[in-house]
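Here is a friendly walk through one protein model. Have the picture open as you read, and follow along strand by strand.

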Amino acid sequence: MAKRILLYLDVLGFRELVKKPRRVMELYRIINSLNVHRDSNFKAIVFSDTLLIYSDRRIPSAALFRIEMMYACEFVQDLLHRTTGRDFSFRAFLTFGSFHRERMKNLDAFFGTGLVEAYEREQTIKCTGLFIDDFCNQFNDIFATRRYAEDCSFVYLTQNLQRFYNDTHAGPYPTVDFLTPSEGDYFIYWELKHVAEIYEKALTHRDPNVRAKYLATWSLYHQEYPEVLDALRSRGFDPNAIVTLDWTRSAAAFERDRREQYRAKLWTGS
């Protein structure tokens, strides 16, 4: 059985989500719009609260493996950007293992030890976001990571916040004229919204077990960007806390993106 890059993603809070079918269909339409479907080297399967993405071809070299690993992380980053502000959450685990998919006449069958191991490992993570095992992480040259548990690290999909922090972490904040308006429009603003959501849910979610997961996620972000997040938190996550900039275009672009219509009709088939 072939070994493949496997991304196992679990939609969190699905038990409550299924009580609102329109929300489920909205999420499925978001997943249906992801960039992964335009990459011929990867395939995706959705079943209930799970999104499974796997490499569909043999990866012949370490150099190509690094490229495919970057794409696998970017697929989750794409989902993060599309769901920020829509009150969807997920946890994903990225690994390399045995997997087989067979499209039969009457059904679509898939199985493998890699799939089982990815499922079991993902279930042990009491956090949100993307996690990667050590084997895959050695081929990750793009995204910052932090050790979470044995053979498992958290992946920082907030690349633009990472870049900003690396350049300015000595502070003091706010900086002046560090970003251009276009950078504010298309990059960091989405990521600031994401970390603000994590913090809010860590404080206000009605389920204490869920609050603990978001608090653990916030802790991972705070360990990576302590001064930036302290500045944001002190001013209610106003982006001017870190950069003095006219964020009007950024806010308008974010809200326009949130109005993207994934709802249409509730059911598209019989």
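## A sheet and two cores

Let's start with one strand pairing: strand 7 and strand 9 (residues 152-155) run antiparallel and are joined by three bridges. Within strand 9, Ser-153 is the bridge partner of Ile-132. Keep in mind that this model is predicted.

Ile-132 of strand 7 also stands opposite Leu-94. That takes us to strand 4, which pairs with strand 7 in the parallel sense. Strand 4 is joined to strand 1 as well, this time antiparallel, and there Phe-96 of strand 4 stands opposite Ile-5.

Here are the three pairings side by side:

| Strands | Sense | Bridges |
|---|---|---|
| Strand 7 (residues 129-132) and strand 4 (residues 89-98) | parallel | four bridges |
| Strand 7 and strand 9 (residues 152-155) | antiparallel | three bridges |
| Strand 1 (residues 3-12) and strand 4 | antiparallel | 10 bridges |

Now step back to the whole sheet. It is open, has seven strands in the order 2-3-1-4-7-9-8, and its pairing is mixed. Which strands stand at the edges? They are strand 2 (42-47) and strand 8 (145-149); each has a single partner strand, so one side of each has no neighbour in the sheet. On average, neighbouring strands are turned by 25 degrees against each other, direction ignored.

Next come the nonpolar cores. The largest has 45 residues, and Val-228 and Ile-242 touch the most other members. Helix 7 (residues 181-204) contributes the most to this core, nine residues. Leaving aside neighbours within four places in sequence, Val-228 is in contact with Leu-161, Phe-164, Tyr-165, Tyr-173 and Ile-242. A second, separate core of 35 residues includes Leu-9, Val-36, Leu-51 and Ala-92.

How values were computed: Residues are numbered from 1 along each chain as its sequence is written. This is a predicted model: local features need pLDDT of at least 70, side-chain atom pairs count only at pLDDT 80 or more; totals for chains, interfaces and linings use all residues. Side-chain values use heavy atoms; hydrogens and water are left out. Two strands pair if DSSP finds at least two bridges between them. A nonpolar core is a set of buried Ala, Val, Leu, Ile, Met, Phe, Trp, Tyr and Cys residues joined through side-chain atoms within 4.5 Å. Buried means under 20% relative accessible area, exposed over 50%, partly exposed in between (1.4 Å probe, protein chains only). Contact means heavy atoms within 4.5 Å. Axes are lines fitted to C-alpha atoms, for helices over the stretch in contact, and angles run from 0 to 180 degrees between N-to-C directions.
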